[in-house]
Amino acid sequence: MSSTDVVELILKDHRRMEDLFRTMRNVEADRAAALAEFANLLVAHASAEEDKVYPALRRYKNVDGDDVDHGVHEHHEANEALLALLQVEDTASEEWGEKLEELVTAVNHHADEEERTLLNDARENVSDERRAELGRAFREARAAYLDSGCGRVENVRELVAAAGD
């Protein structure tokens, strides 16, 4: 039985992103396929967090609202780095490698910070039952985003443009 605890689901996605980074760094691997999976996962994950998880966490007095705002800001930074990588056509190029490392840095920084702040706060202050409810909402929203092909370059471009407004 897979967990519905929102904290566990978010951590699981973070670990999958790390696996995909390893694949994308491997010159022998199908980097384009790994990037396509990564792009969908990152956008679906962040969008589901912003839709379902962050607004709920913001209501807890022991969860820092500034951490929530900072998480949203870091999602935008990650989307910008993702877009830059998606726009590089040659996965064997030096530019692709450079843009990948910028993306790795942005995402790993965010995941690390989120795990130390928001997720620890959620684990300590949000009941198991409520975390399970949030987990189900997160999973449903994430699945809907994944089904929509949210990681397509056109969509990521729109997200980046919207965040700039």
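1. First, a bit of vocabulary: helix axes here are lines fitted to C-alpha atoms over the stretch in contact, and the angle between two of them runs from 0 to 180 degrees between N-to-C directions. Also keep in mind that this is a predicted model.

2. With that settled, look at helix 3 (residues 65-86) and helix 4 (residues 94-125). Their axes come within 9 Å and cross at roughly 165 degrees. Angles over 145 degrees count as roughly antiparallel, so helix 3 and helix 4 are roughly antiparallel to each other. The crossing of this pair is left-handed. As for what sits in the contact of helix 3 with helix 4, the residues split into 12 nonpolar, 6 polar and 7 charged.

3. Helix 1 (residues 6-25) also packs on helix 4, at an angle of about 165 degrees and with the axes 11 Å apart. Helix 1 and helix 4 are therefore roughly antiparallel, and their crossing is left-handed. By class, the contact of helix 1 with helix 4 has 14 nonpolar, 2 polar and 8 charged residues.

4. Is the geometry of helix 3 in line with or at odds with its 22 residues at 1.5 Å a residue? It agrees: the expected span is 32 Å, and the end C-alpha atoms are 32 Å apart. Helix 1, with 20 residues, reaches 29 Å from first C-alpha to last, close to the 28 Å expected.

5. On burial in helix 1, the list includes aliphatic names such as Val6, Val7, Leu9, Ile10, Leu11 and Leu20, along with Phe21, Met17 and Met24. Asp13 and His14 are buried there too. The buried residues of helix 1 pack against helix 2 (31-58), helix 4 and helix 5 (128-147).

6. Helix 3 has its own buried set, among them Val68, Ala78, Ala81, Leu82, Leu83 and Leu85. Gly71, Glu74, His75 and Asn79 are buried as well. What do these buried residues of helix 3 pack against? The partners are helix 2, helix 4 and helix 6 (153-164).

7. One residue to click on is His70, which lies in helix 3. Buried or partly exposed? At 34% relative accessibility, His70 counts as partly exposed, because buried would need a value under 20%. Setting aside neighbours within four places in sequence, His70 is in contact with His109 and Glu113. The C-alpha atoms of His70 and Glu114 are separated by 9.2 Å, although these two residues are 44 residues apart along the chain.

Notes. Residues numbered from 1 in each chain as written. Predicted model: local features only at pLDDT ≥ 70, side-chain atom pairs only at ≥ 80, totals over all residues. Heavy atoms only, no water. Helix = DSSP H or I, 4+ residues; strand = E, 2+ residues; numbered from the N terminus. Parallel < 35°, antiparallel > 145°, perpendicular 65-115°, else oblique. Left-handed = near helix turned anticlockwise from the far one by under 90°. Nonpolar A, V, L, I, M, F, W, Y, C, P; charged D, E, K, R; others polar. Expected span 1.5 Å × (residues − 1). Buried < 20%, exposed > 50% of the residue type's maximum accessible area, 1.4 Å probe, protein only. Contact = heavy atoms within 4.5 Å.
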